[in-house]
Amino acid sequence: MKQSTYLAPTLRDVPSDADVKSHQLMLRAGLIRQSTSGVYSFLPLGLKVLQKVENIIREEMNRAGAQQLLMPAIQPAELWKESGRWEAYGPELMRLHDRHNREFALGPTHEEVITTLVRDDVHSYKKLPMTLYQIQNKFRDERRPRFGVLRSREFLMKDAYSFDTSFEGLDISYDKMYDAYSRIFNRCELDFRAVVADSGAMGGKDTHEFMVLSDIGEDTIAYSDESDYAANIEIAEVNVIYKKADEAIKEIEVVDTPGKKTIEEVSAFLNLPVEKLIKSVLFIVDDKPCLVLVRGDHEVNDVKIKHLLDAQIVEMATEEETKKWMNTVPGYIGPKDVNKDITIIADHAVEAVVNGACGANEEGKHFINVNLGQDFTVETFADLRNIQEGDPSPDGKGTIRFKEGIEVGHVFKLGTRYSEAMGAMFLDENGKNQPMIMGCYGIGVSRTLAAVVEQHHDENGIIWPSAVSPFDIHLIPVNMKQDDQRELAQELYEDLTSSRFEVLMDDRAERPGVKFKDADLFGFPIRITVGKKANEGVVELKVRKTGETLEVKKDELVTTIESLLYK
Ligand code: ATP
Ligand code: MG
């Protein structure tokens, strides 16, 4: 490909609307352009990477025995009503009408379509198990589209769905996808962890998120520094045995704490360590009030509340709700003498607090020397806090550390959620009708591309892993006006492309400095400069990743590059 007529517009300056490195570099290197908020075009260089990632995914899906198909992006509302998600999915679903005023959605995911497809055409255990996948644009009206294609409103996804006759079968299908995902992200040279995540159901063991470790992720991963334990902090179990302080129980007292609301303010004001404070947070759990207690240095985990109480919706109480139930303002609430209709639950750590402090349910006042049993009671103790750095790893090996993560993939055991709602049944060996057991598996293809850039760059530009680089080689004649340089570059371009390398030749009449800057920004693994030694048939080869340069004779160029690219 000749750069003079190639659509790869580079930008020298960092675009002001791009906050993260991958977004900046993808704009600067001319991979993407925004059409409107959260909607992007992929320019030729960007599309080439997207297709390489797609190919890796396709190879690994096929290797795992999955079959590719293609479903429509336009989905009739009836299907979503059948599954019960037309209402439940909320404003993220892009909805539209046709000319007859029929309702449709632009597919954010395809459980409904695939379930009806399989329901209508697969009827016997003899056809199962079966895993189907597609690579297709998805639409989600994200509340906050941001970071370029990391969170966009139209994006490319690989989605796969497995159908089994038993839960044991589902485990096997799931493990195959899990392994395929590990291979895919390894081939993209991503530093990632498969993380146990919240499945929305008790336990949450049957879902993993594939998280690329990064400083800009929206999720926090708790991982062990000594084992391969990794979990989303939403779900990471806390496994600590708390010891009660060895001190005599004192009499409760009210103290004035005017204007002191936060744990830090109260702790400093009362001169008490934060571990002595009991943090009380009022939640509304499925319309009922629930007071949740954790130790002052801990954070309440609402996913754990949801699981403990088997609830649908857990929300922190508003000021009005706090006023209604506790008769005071947030910052001063506590568990002593509360309204009987309020359920009190507490984290295990609270059980060990002796002579603690908490809000006195009166503005500007706190209690000190508060003790469980004597001053307040708790209905249930459970693990209700977020795990923290320094906690022991729940698997008993090592200590917990935190890292942010970008979710590039998600594997999920659905069970019979859709097959029952939509009647996807099969006849088993005994002629009995049974619901199919399903799993679903997504990869954000465009997000993966951005995650690769996020992990592979330096101050000068992108450093593509060779498996996904748009081109293998950037071939740069320094001065197009010099016949020997131009002719040698043309000769090498032909040799290299016929050796099946993908080559972009910078045949522009630009200054060398401009060409080299663009080369670093594009970040293909190898740069070949045809300069002063062209008349001797010698060129300079530069490895983008290491910065290493070497002079190579033209006859040795192909073998040298082969050894560098394929190691
Ligand atoms: P998130 O928590 O980031 O919103 P999700 O849980 O909604 O993701 P899934 O429904 O599991 O995502 O979708 C499968 C994959 O699609 C995700 O793992 C992610 O890589 C990708 N993805 C989801 N939403 C977006 C988006 N708005 N832009 C780009 N990729 C996305
Ligand atoms: Mg989402």
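N361 is a buried residue in this predicted model, with a relative accessibility of just 17%. That value falls under the 20% cut-off, so N361 counts as buried. The backbone here is worth a look too: N361 is not a glycine, yet its phi is positive, at about 60°. As for its setting, N361 sits in a loop, with β18 (356–359) on one side and β19 (365–370) on the other.

A second non-glycine residue with a positive phi turns up at D310, where the angle is near 50°. D310 also belongs to a loop, this one running between α8 (302–308) and β16 (314–316). Buried or exposed, then, is D310? With 67% relative accessibility, D310 goes down as exposed, because the cut-off for that label is over 50%. So the two residues part ways on burial: N361 is buried, whereas D310 is exposed.

The backbone has another feature to show at P129. The peptide bond that joins L128 to P129 is cis, with omega at about 5°. P129 itself is placed in the loop that links α5 (111–121) with β7 (130–139).

Turning to the surface, a patch of negative charge is made up of E494, D495, D555 and E556. Of these residues, D495 can be placed in helix α12, which covers residues 483–498. How much of D495 is accessible? Its relative accessible area is 35%, so D495 is partly exposed; the label applies because this value lies between the 20% and 50% cut-offs.

Stepping back to the whole chain, the domain assignment splits the protein into three parts. Domain 1 comes in two segments, 40–193 and 413–453, while domain 2 spans 253–382 and domain 3 spans 464–565. Between the C-alpha centres of domain 2 and domain 3 there is a separation of 66 Å. Measured out along the principal axes, the C-alpha atoms of the protein chain take up a box of roughly 95 × 65 × 50 Å.

In terms of secondary structure, the chain has 14 helices and 31 strands. Its length is 567 residues, and 55% of them are buried. N361 is one of the buried residues, despite its place in a loop between two strands, β18 and β19.

Methods. Residues numbered from 1 in each chain as written. Chains lettered and ligands numbered in written order. Predicted model: local features only at pLDDT ≥ 70, side-chain atom pairs only at ≥ 80, totals over all residues. Heavy atoms only, no water. Helix = DSSP H or I, 4+ residues; strand = E, 2+ residues; numbered from the N terminus. Buried < 20%, exposed > 50% of the residue type's maximum accessible area, 1.4 Å probe, protein only. Patch = residues over 30% accessible without salt bridge, like charges linked within 9 Å, V, L, I, M, F, W, Y side chains within 5 Å. Areas by Shrake-Rupley, 256 points an atom, 1.4 Å probe, with all protein chains shown as cover. Salt bridge = Lys/Arg side-chain N within 4 Å of Asp/Glu carboxyl O. Lys, Arg positive; Asp, Glu negative; His and termini not counted. Charge placed at Lys NZ, Arg CZ, Asp CG, Glu CD. Domains from an automatic or database assignment.
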